[in-house]
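Trainee: I'm new to this one. Can we go through it together?

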Amino acid sequence: VVTHPASTVYYEENGDAAGFEYSLAKRFADYLGVELRVEVVDNLPELFQRLDENHTHFAAAGLGLTPELKRQYRHGPVYARTRPIVVYSADAPRPRQIEDLVGKSIIVRKGGPHEQLLKEIQSEFPDLEWQASEDTEPTELLRRINQGELDIAIIGSNELRMNKVFFPEIREAFALDARQPV
């Protein structure tokens with residue numbers, strides 16, 4: 001399995017692998033009676049590259065299953081739902097619509113479904129700009145907003161839900177799209 005470090009996906013705790021997606025993959029391997037081999041990549045483009053080049057059997061990434069991902073990759077059973085959301089600091093005015101994002105410092109994970117969604121939205125809002133970061137996991141995006149380094153991030157609602165306790169000043173502004181299966 002190929003995966004990436006994120007609090008909702010895969011991390012190491014006391015030297016041992018952990019994370020919800022890791023646990024699902026481990027249980028699946030145990031069910032099959034095989035050893036789980038985990039390859040951790042730094043970012044989503046690398047994860048998709050490993051899949052595209054058939055270097056792995058599957059990915060554990062915790063991503064919303066967009067129509068594009070459905071077309072490109074086979075997927076397992078749906079176990080949750082998420083939606084791409086705009087998050088901001090409680091110290092800032094709440095953005096209420098896409099127009100409110102124009103001129104803000106926005107970050108999104110490079111190569112992921114949220115960046116693809118922003119590209120689609122940009123066709124209607126050409127002044128919308130953002131920074132795409134290859135090696136920034138959702139917890140880091142929340143930290144940067146919390147520290148005042150960024151205005152806005154686009155993450156999955158499941159990622160905010162899992163990390164809200166660590167970042168109580170982060171707020172959900174609005175959803176950019178409908179719920180997606182994970």
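Mentor: Sure, let's begin with a lining: helix 4 and helix 6 (157-163) each supply at least two residues of the lining of the second largest cavity. This is a predicted model, where local features need pLDDT of at least 70, side-chain atom pairs count only at pLDDT 80 or more, and totals for chains, interfaces and linings use all residues. Residues are numbered from 1 along each chain as its sequence is written, and side-chain values use heavy atoms, leaving out hydrogens and water.

Trainee: What makes the residues around the second largest cavity its lining?

Mentor: Lining residues have an atom within 4 Å of a cavity point, and those points sit on a 1 Å grid over the protein atoms alone, where a 1.4 Å probe fits but cannot get out. Among the residues that pass are Gly-62, Thr-82, His-114 and Asn-158.

Trainee: Why is Gly counted as polar?

Mentor: Ala, Val, Leu, Ile, Met, Phe, Trp, Tyr, Cys and Pro count as nonpolar, Asp, Glu, Lys and Arg as charged, and the others as polar, so Gly falls among the polar ones. That lining divides into 2 nonpolar, 6 polar and 1 charged.

Trainee: How many cavities of 30 Å³ or more does the search find?

Mentor: It finds 2. The largest holds about 60 Å³, and the second largest about 40 Å³, a volume being the space filled by probe spheres set on the points, which are joined across faces, edges and corners.

Trainee: What share of the chain is buried?

Mentor: Buried residues, meaning under 20% relative accessible area with a 1.4 Å probe and protein chains only, make up 45% of the 182 residues.

Key. On a 1 Å grid over the protein atoms alone, a cavity is a set of points where a 1.4 Å probe fits but cannot get out, and a pocket is an open set with protein on both sides within 12 Å along at least five of seven lines; lining residues have an atom within 4 Å of a point. Helices (H or I, at least four residues) and strands (E, at least two) are DSSP runs, numbered from the N terminus. Buried means under 20% relative accessible area, exposed over 50%, partly exposed in between (1.4 Å probe, protein chains only).
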